[in-house]
Amino acid sequence: MATGTPPRSAPARVHAPSPVCPHAPRRLATGRGDRWWLRPLGTALFLGGLTAYALWAAVQASHYAVGHYVSPLYSPCVAADCGPHTTVALIGRWWRWSPALAVVAVPVGVRATCYYYRTLYYRSFWLSPPACAVAEPHRRAGGESRFPLVLQNVHRYFWAASVLVAMMLTADTVEAFRFAGGIGVGLGTGIILVNTAAFWAYLLSCHACRHLVGGGLRALAAHPWRRWSWRAVSRLNAHHGLCALISLPLVMVTDLYVRLDAAGVITDPHLVFGH
Ligand code: FES
């Protein structure tokens, strides 16, 4: 029979108190021994890089279209000075800035207020919280019930406007099947098509879309079509994060392809089937 002192469990790690508030843990203090900072850092680099590219491309006002291909950053082209690439001339020739700036507020707005992207940028840029079991650097959290974050509630309106944008993007995608010799298909057609499909998947998997389709009813069973739609959107909704993650870089990839083709750096391989 074993005798002696019973083994003692390892002492719990205690955070050093903050010099500002004696009850608050030190900023970014954690007992985690893994590289928890890799994820927020990687996310910040990923989102920051894509945003920097999008800003650069949006102010260029050149090489955004070639043949019947139009960059998604400039689509729908609602400024009259887009020439043959104008989708709907909602803005006259008095617009002196890049055509991308006339429409960019809608896709930027829907992504900036998206529940999924909020999680990403709250964690990676605002460090609130930076990771599980890591103390955040802010002493007070205002939350989304107060100004300015209460403005995130406009998400559903950005979503509705984005559906209109997606419809016009779809019209531009159909145009991408037109070539000088007739109807055809090119590598650019495929890239534009995948980008538009990804944007639709992103929008249709949105929580606001799910609520719009199946919310506000006492009994969903009494509305078979809405129940079917709600189930379809719910299945998609489970992958909303993936849709968000894929659809954003695809916009930049599509813009880059059109830009390089328009600048003559690459030549779009395509097949034309005739009129
Ligand atoms: Fe992400 Fe609506 S929650 S688009």
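## A three-stranded sheet and a helix pair in a predicted model

In this predicted model, strand 4 (residues 182-186) is joined to strand 5 by 4 bridges, and the two run antiparallel. Helices (H or I, at least four residues) and strands (E, at least two) are DSSP runs, numbered from the N terminus, and two strands pair if DSSP finds at least two bridges between them. Because the model is predicted, local features need pLDDT of at least 70 and side-chain atom pairs count only at pLDDT 80 or more, while totals for chains, interfaces and linings use all residues. Residues are numbered from 1 along each chain as its sequence is written.

**The sheet**

Strand 4 and strand 5 belong to an open sheet formed by 3 strands in the order 3-4-5, with antiparallel pairing. Strand 3 (178-179) and strand 5 (270-274) stand at the edges, each with a single partner strand, so one side of each has no neighbour in the sheet. Strand 3 and strand 4 pair in the antiparallel sense over 2 bridges, and these two strands form a hairpin with 2 residues between them. Across the sheet, arginine 178 stands opposite isoleucine 183 in strand 4, while valine 185 stands opposite leucine 271 in strand 5. In general, strands of a sheet pair through backbone hydrogen bonds, either parallel or antiparallel.

**The helix pair**

Two packed helices are described by the angle between their axes and the distance between the axes. The axes of helix 4 (residues 155-175) and helix 5 (residues 187-204) come within 10 Å and cross at roughly 160°; such axes are lines fitted to C-alpha atoms, for helices over the stretch in contact, and angles run from 0 to 180 degrees between N-to-C directions. Helix 4 and helix 5 are therefore roughly antiparallel to each other, a term used for angles over 145 degrees, whereas those under 35 count as roughly parallel, 65 to 115 as roughly perpendicular and the rest as oblique.

Which residues of helix 4 meet helix 5? Trp159, Ser162, Val163, Ala166, Leu169, Thr170 and Thr173 in helix 4 meet residues in helix 5 that include Ile192, Phe199 and Trp200, where contact means that the C-beta atoms, placed from the backbone, lie within 7 Å.

**Backbone features in the loops**

Most residues other than glycine have a negative phi, and most peptide bonds are trans. The table lists two cis peptide bonds of this chain.

| Cis peptide bond | Omega | Loop that holds the proline |
|---|---|---|
| Serine 75 to proline 76 | near 0° | between strand 2 (69-70) and helix 2 (105-112) |
| Phenylalanine 147 to proline 148 | about 5° | between helix 3 (115-124) and helix 4 |

Histidine 63 has a positive phi of about 55° although it is not a glycine, and histidine 63 is found in the loop between helix 1 (38-60) and strand 1 (65-66).

**The whole chain**

The chain has 8 helices and 5 strands, and along the sequence they follow the pattern α-β-β-α-α-α-β-β-α-α-α-α-β. The radius of gyration of the chain is 25 Å, well over the 19 Å that the globule rule gives for 275 residues, so the chain is more spread out than a compact globule. This radius is taken over C-alpha atoms, and the globule rule is 2.2 Å times the number of residues to the power 0.38.

Technical notes
Contact = placed C-beta atoms within 7 Å.
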